[in-house]
Amino acid sequence: MVFDAVYYEPDSLKYELGLQLMEQYPDIPWIPIESHNSIKEMQEKPNSEFGHMKRNLIMGIRKTHKYVENHKVSDYLVPFTSSGCTAMCLYCYLVCNYNKCAYLRLFVNREQMLDRLLRRSLKEPGRTYEIGSNSDLVLENTITGNLLYTIPRFAEEGNGSLTFPTKFHMVEPLLSLDHRGKVIFRMSVNPQPIISRIELGTSSLKERIQAVNQMCEAGYPCGLLIAPVILTDGWKDMYRELLEELEAGLSDKMKKTMFLEIILMTYSYVHRAINAEAFPAAPDLYSKELMTGRGRGRYCYRQEARAEAEAFLRSEIRRVLGTVPVLYIS
């Protein structure tokens, strides 16, 4: 992966991964910073520079290790080895939370984070830990190899399961790992027109389907995350076609063993401001008719729109995919 510069906390070079990354990127500027959480140069840039900021790599030490209870696929959301991403999905919640700071941040103290996770898993057996809620670990793995470090160690030493979602297809390095069924792999999917126009810089739908088939054949428990569902013009036709492409493209094993999660899009004033300046040709995802306020500066679909979408999706899933479990629609 190509970057314009690395912004790094000097102490991160005391870690094995920090030194590894310095060797990987010797020919671009390395710019010292006090904190990965506050880079003044980035914060002062206009929204129109958002795409350019994504071409920088940020490297630091994760200091926050608070586990957050979750009641969906996992029991806990776990701060792990990265935050942010190089892709530019126009709805990304990290953009909303961190304004222009949703660039890829790598945390080099992976040993400390995994040791803590392993101790927690032994203390509370049988729990599932979501390690990819703030990043895309398949993308990150192409830079750091952190999944090659994490998966075998947890398989051997941990109790319970790890899980993470992805929008990327680069799973080849994971197929031969000794995971012992302890890693739940979840592929995020959307109609190809939405991927092309809104999930900028991510893998195509066909690549994602092929990747999840490969992971399923390699013995990983697998699911699909249809997210976020975007109620844009022609959305019913697009999601009907998505389900039909899944039925045609997924392996028999995947269709027999998978589960579904479905999440409707939320949006915000921050998204609109950045997207209008950084991606002026992109569609406006805000709909005054379909959306209502949800907290300060945020929007979600109105209850009647959500009810219609849920009824449609459940009906089409039954028609196309049969009795595949739908864990939740939120």
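1. Arg319 counts as partly exposed, because its relative accessibility is 49% and the exposed class starts over 50%. This value comes from a predicted model, as do the others in this note. Arg319 belongs to helix H13, which covers residues 303-321. Beyond its neighbours within four places in sequence, Arg319 is in contact with Arg240 and Glu244. Pro46 is far off along the chain, 273 residues from Arg319. In space, the C-alpha atoms of Arg319 and Pro46 are separated by 47 Å.

2. On overall form, the chain has 330 residues and a radius of gyration of 20 Å. A compact globule with 330 residues would come near 20 Å, so the chain agrees with that expectation. Its C-alpha atoms fill a box of roughly 55 × 45 × 35 Å along the principal axes. The secondary structure consists of 13 helices and 18 strands.

3. On packing, 54% of the 330 residues count as buried. Take the contacts in the chain with a separation of 6 or more: residues 24 or more positions apart account for 76% of these. The exposed area is about 14,700 Å². Carbon and sulfur atoms supply 49% of that area.

4. On charge, the chain has 40 positive and 40 negative side chains. The centres of the two sets lie 6 Å apart.

5. On cysteines, the structure holds 0 disulfides. Why is Cys85 not bonded to Cys89? Cys89 has the closest cysteine sulfur to that of Cys85, but the distance is 6.7 Å, so the two are too far apart for a bond. A disulfide would need the sulfur atoms within 2.5 Å. Cys92 is in no disulfide either. Its nearest cysteine sulfur is also that of Cys89, 6.6 Å away. Cys85 is buried, because its relative accessible area of 16% falls under 20%.

6. Two backbone features deserve a look. Most residues other than glycine have a negative phi, and most peptide bonds are trans. The bond from Ala227 to Pro228 is cis, with omega near -15°. Pro228 is in strand E13, residues 222-229. The other feature is at Arg180, a residue other than glycine with a positive phi, near 55°.

7. Where is Arg180 placed? Arg180 is in the loop between strand E10 (161-166) and strand E11 (183-189). Arg180 counts as exposed, because its relative accessibility of 51% is over 50%. Pro152 is 28 residues from Arg180 in sequence. Their C-alpha atoms are 8.5 Å apart in space.

8. Pro152 itself is in helix H7, residues 146-157. Pro152 is partly exposed, with a relative accessible area of 26%. Which residues does Pro152 contact, leaving aside its neighbours within four places in sequence? They are Leu147, Leu177 and Asp178.

9. Ser161 is found in strand E10. Is Ser161 buried or exposed? Ser161 is buried, because its relative accessible area of 15% is under 20%. Not counting residues up to four places away in sequence, Ser161 touches Arg127, Thr128, Tyr129, Phe154, Lys182 and Ile184.

Technical notes
Residues are numbered from 1 along each chain as its sequence is written. This is a predicted model: local features need pLDDT of at least 70, side-chain atom pairs count only at pLDDT 80 or more; totals for chains, interfaces and linings use all residues. Side-chain values use heavy atoms; hydrogens and water are left out. Helices (H or I, at least four residues) and strands (E, at least two) are DSSP runs, numbered from the N terminus. The radius of gyration is taken over C-alpha atoms; the globule rule is 2.2 Å times the number of residues to the power 0.38. Buried means under 20% relative accessible area, exposed over 50%, partly exposed in between (1.4 Å probe, protein chains only). Contact means heavy atoms within 4.5 Å. Accessible areas come from the Shrake-Rupley method with a 1.4 Å probe; for residues, only the protein chains shown count as cover. Lys and Arg count as positive and Asp and Glu as negative; His and the chain ends are not counted. The place of a charge is taken as NZ of Lys, CZ of Arg, CG of Asp or CD of Glu.
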